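Reader: Could you take me on a close look at one part of this model, and then show me how charged and nonpolar side chains are arranged around the rest?

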Amino acid sequence: MDKVAVCVKHVPDGRMRIDPDSKRMDRSGPGELNAFDLNALEEALRIKDAAGATEVIAVSMGPPQADDSLRTALAMGADRAVLVSDPDAAGSDMLATSRVLAGVLDRERPQLTIFGQQASDGTGAVLWSAVAELLQLPVVSQVTELTVLEGALRVKRQTERGDDVIEMPLPAVVAVTDAINEPRYVSLRGQMAAKRKPLETLTLGELGIDPSSVGVTGSMTTVLNLATPPSRGSSIRIDDEGHAAEEILSFLAQRELL
Amino acid sequence: MAFQAVCRKFVEEQVTPLVAEAEEKQRFPTSLWRRMGDAGLLGLGFPEEVGGAGGDLLSVAILSEELAKASGGIAITPLVSSYMAAPHLYRFGRPDQMREYLAPVLTGHKVAAIAVTEPDAGSDVAGITLRATPEGDGYLLRGTKLFITNGGIADIIVVAAKTAGGDGHHSITTFIVEAGQPGFSVGRPLRKMGWHSSDTRELIFDDCFVGANRVLGEVNRGFYQIMQAFQEERVVLAAMGVGLAEACIEASVAYARHRKAFGRPISSLQAIRHSLAHMRTQTEAARLLVYQAAVLADAGADAAQATAMAKLFAAQVANDVADRSVQVFGGAGFLEESPVAMHYRDARVLRIGGGTDEIQLEILAKLMNL
């Protein structure tokens, strides 16, 4: 195949904050490439390394600073990157986001599109499904093994009862788990090379997407309220002054938990 | 992601989990060779044409610092192979020697060592006695080398030998020796105060034949070749001192915040907090000297003074900071299981290896025209 696309997300690094007014995630702080997407990229790069593809493209939608994560993808080995960044796209839910990503993929027409199973911020784990539906392509998730065949793909899908082995025609969409591979480290050479690789930033208009179909207006979900989880009630803290084990034992014994 | 962040992530994920076992077994975890090679961490500062990973001496210093935070013994092993032995192959090797010996070292497929020191010649490089006598189309090597890091695990050893009589400055030649060659053997692993996971040996050359095609560089120019390559070695060791000090500070700060004495965390006691602040300042000063030496060398400027200062100061700071960190830990710091005991033991060699404190002071004194 000539093209593999990997959809990646720039997620907040470390502690996540929610903006109480907009009820949206605060994406102004430092960010990083979503960990599951490293596995997706690694798999695409392995296909290319094995001469199963000629080009790996990283695709993302996000704020302008998401280009940091796309640079990481380029440093790992992706050949070029496309970022859709448009103020009108802010606040998109997964359905609205899927319209944007599908727009890019429709333009690029890759034979294979790989997603990481989920993002560490929203943990939605359905975006790949929505994108495949819009593009009318076959999709398999929870993929832990992937083999490229002639015009088709054989994948192993991890389920609660065991593994399904599935063959699907290309073009197709897959979502991989972190069990599929061990992502490579970014090399210094890769970092230097990334600076010279093309990173295209597109607006919704340039992609021909109607702004009302994305962002807050194009989203079908609304966050009604946000609250911190209820406290766990009264808890007892035992500092170890040499008798912690006995105290824990008597605590459990009193409640007949032993 | 900045290069330092990549090194840090690699060390946290791939090196730190292996330290306890490597120290216990006094063995370098061999799986790291290929992992480091794949991540491009063994070919920094070497151009891509010879199998290198690009970058410069500053990137080598940053890697050295991050590796030494985890363990000096693990750190020194690949650092010797790629950044102390391999530079001889790169600077003085012919294209065919680079293809055969340098390229596999820069990818972690082979391990290299540099053998200069002898029982009676360390800092006094010109005083080595291992002889290379012409024999047929090559030389016979006879003599011993001592304290050779990677001696027992190296595939390729760069060996300094006397090839003429008289003054050592004009009678030393370096050779490429392969492990397993007839006439070459290694002694038992030497037990050391620190760097437990690194391999240190005596090397024995008993009429070991080396073909003329394995002369590295020019005959009788070895002394100058060795002196040139020392600069990189010293920056690496100095950077290791900075990393060791940084690790001691991190461990000490965490401990001081948690440990209570007289009803409050010891980090609130002036004696401790001032010591920590002092450690922080000393380490930062050492780091800047190391970076300066690397940046000057990378710019092609004269880095002799900066390198000697960096090596001298960083090694001494590492020892002082390690000592202070054991003091912060108190009795717990005297236990092998504390995070600072290993660093305390590992710090000492930094004032000796790659040119002692005294040698650095001599270099500096000469540069002052004293």
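Author: Happily! Let's start with Leu149(A), which sits in strand β9 of chain A, a strand that covers residues 139-149. Please keep in mind that this is a predicted model. Leu149(A) counts as partly exposed because its relative accessibility is 26%, and the cut-off for buried is under 20%. If we set aside the neighbours within four places in sequence, Leu149(A) is in contact with Arg154(A) and Glu167(A). One residue along from that second partner in the numbering is Met168(A), and its C-alpha lies 9.5 Å from that of Leu149(A), with the two positions 19 residues apart in sequence.

Stepping back to the chain around this leucine, chain A has seven helices and 13 strands. Its C-alpha atoms fill a box of roughly 65 × 45 × 40 Å along the principal axes. Of the 258 residues in chain A, 43% are buried. Among contacts in chain A with a separation of 6 or more, 70% join residues 24 or more positions apart.

Now to the surface. Chain A has an accessible surface of about 13,900 Å², and carbon and sulfur atoms contribute 51% of that. One nonpolar patch, of about 240 Å², is formed by Ile18(A), Val223(A) and Leu226(A). Leu226(A) belongs to the loop between α6 (204-207) and α7 of chain A, and it is partly exposed, with a relative accessible area of 39%. A patch of negative charge also lies on the surface, where Asp240(A), Glu241(A), Glu246(A) and Glu247(A) gather. Glu247(A) is in helix α7, residues 244-254 of chain A, and is partly exposed at 39% relative accessibility. Over the chain as a whole there are 26 positive and 38 negative side chains in chain A, and the centres of these two sets are 4 Å apart.

Charges of opposite sign deserve a look too. Side chains of opposite charge can pair when their charged atoms come close. Over all chains, the whole structure holds 39 salt bridges. In chain A, a network of salt bridges links Lys3(A), Glu55(A), Arg80(A), Arg107(A), Glu108(A) and Glu200(A). Within that group, Arg107(A) and Glu108(A) meet at 3.3 Å, N to O. Arg107(A) is partly exposed at 39% relative accessibility, whereas Glu108(A) is buried at 6%.

Chain B offers two further pairs. Lys69(B) forms a salt bridge with Glu66(B), with 3.3 Å between the closest N and O atoms. Both residues lie in helix α4 (residues 57-70) of chain B, three residues apart, which is about one turn of the helix. An α-helix has 3.6 residues a turn, so residues three or four places apart point the same way. Lys69(B) and Glu66(B) are both buried.

The side chains of Arg142(B) and Asp207(B) also meet in a salt bridge, at 3.5 Å from N to O. Arg142(B) is in strand β3 (residues 138-149) and Asp207(B) in strand β7 (residues 200-211) of chain B, so this pair ties together parts 65 residues apart in sequence. Arg142(B) is partly exposed, with a relative accessible area of 46%, and Asp207(B) is partly exposed at 39%.

Finally, look at helix α6 of chain B, residues 95-106, whose buried residues include Met98(B), Tyr101(B) and Leu102(B). The buried residues of α6(B) pack against α5 (72-92), β1 (112-115), β4 (156-162), β5 (172-178) and β8 (215-216) of chain B. After α6(B) comes Gly108(B), with a positive phi near 85 degrees.

Key: Residues are numbered from 1 along each chain as its sequence is written. Chains are lettered from A and ligands numbered from 1 in the order in which they are written. This is a predicted model: local features need pLDDT of at least 70, side-chain atom pairs count only at pLDDT 80 or more; totals for chains, interfaces and linings use all residues. Side-chain values use heavy atoms; hydrogens and water are left out. Helices (H or I, at least four residues) and strands (E, at least two) are DSSP runs, numbered from the N terminus. Buried means under 20% relative accessible area, exposed over 50%, partly exposed in between (1.4 Å probe, protein chains only). Contact means heavy atoms within 4.5 Å. Patches are made of residues with over 30% relative accessible area and no salt bridge: like charges are joined within 9 Å, nonpolar side chains (Val, Leu, Ile, Met, Phe, Trp, Tyr) within 5 Å. Accessible areas come from the Shrake-Rupley method with a 1.4 Å probe; for residues, only the protein chains shown count as cover. A salt bridge is a side-chain nitrogen of Lys or Arg within 4 Å of a carboxyl oxygen of Asp or Glu. Lys and Arg count as positive and Asp and Glu as negative; His and the chain ends are not counted. The place of a charge is taken as NZ of Lys, CZ of Arg, CG of Asp or CD of Glu.
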